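Let's walk through this one together, one question at a time. Here it is.

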Amino acid sequence: MESTRTYVSPLGSMRMLGGAPALDLANTLHWRDGNEVDFIASYQDLLAFCIPAQLLSEAEARSLKRLARNHGGLAGDVHVEVLTLRASLKSWLMRSARNLNTSPAAKSASLRDMKASIAQASGSAGLGEILNLASASATEAIHLPLRRSAAAAAMLLLFPPGNDIRRCEANHCDGFFINESRSKPRRWCSMDGCGNRAKAARHRLVHRK
Ligand SMILES: [Zn+2]
């Protein structure tokens with residue numbers, strides 16, 4: 001079996017379990033032991049995440065890392081813009097995941113926000129702006145992770161994966177993933193993490209009686 005792509009961050013490892021790059025991006029802000037942890041604390045973290053998330057090739061990440069050293073301010077701005085996109089992505093997911101109940105009004109309001117965020121993150125020239133990193137200006141190039149994240153979020157809207165995006169059922173997780181099982185819908189972001197914890201908790205509950 002192919003091993004799961006993993007982002008090794010300064011805060012620990014994160015596996016790409018969402019089933020789509022945009023879901024893995026949303027999952028970089030998540031709950032661990034009752035605290036909200038942000039796995040993308042800087043532009044450099046963003047580059048490292050984008051490789052296993054398949055938003056950047058290793059060669060692209062390497063050259064952007066070099067560029068960002070000389071354009072720290074701009075890289076910092078792009079980092080903030082990615083976090084803004086991620087925030088509206090998350091709030092759209094919170095209202096549109098299949099196993100969550102939301103009012104149609106809240107759903108369409110969050111969809112509007114999400115579309116606006118994607119348009120913002122796509123830049124004035126649109127997503128085709130950076131087609132060749134080698135010939136792009138430094139300013140354009142540094143925006144590449146943002147443009148690709150916007151494209152990934154747009155893909156999620158344009159091609160809803162069987163309309164079956166779900167939120168992990170574990171308390172305090174907020175992980176999102178695409179369910180691919182028709183017969184027995186997937187319930188947790190990871191079987192060995194949240195799935196196991198839920199089973200152990202149920203076991204304790206049963207044996208307390
Ligand atoms: Zn989970």
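Q: In which loop is His 172 found?
A: This is a predicted model, in which local features need pLDDT of at least 70, side-chain atom pairs count only at pLDDT 80 or more, and totals for chains, interfaces and linings use all residues. Residues are numbered from 1 along each chain as its sequence is written. Helices (H or I, at least four residues) and strands (E, at least two) are DSSP runs, numbered from the N terminus. His 172 is found in the loop between strand E5 (165-167) and E6.

Q: Is His 172 buried or exposed, or in between?
A: Buried means 20 or more other C-beta atoms within 10 Å of a residue's own, exposed means 12 or fewer, and partly exposed lies in between, with C-beta atoms placed from the backbone. His 172 has 13 C-beta neighbours inside 10 Å, so it counts as partly exposed.

Q: What is the phi of Gln 54 near?
A: Most residues other than glycine have a negative phi. Gln 54, in the loop between H2 and H3, has a positive value without being a glycine: near 65°.

Q: Which helix gives the largest share of the largest nonpolar core?
A: A nonpolar core is a set of buried Ala, Val, Leu, Ile, Met, Phe, Trp, Tyr and Cys residues joined through C-beta atoms within 7 Å. The largest one here has 48 residues. Its largest share, seven residues, comes from H4.

Q: Where in the protein chain is confidence highest?
A: pLDDT is the predictor's confidence in each residue, from 0 to 100, and its mean over the protein chain is 91. Confidence is lowest in strand E3 (residues 29-32), at a mean of 85, and highest, at 98, in H2.
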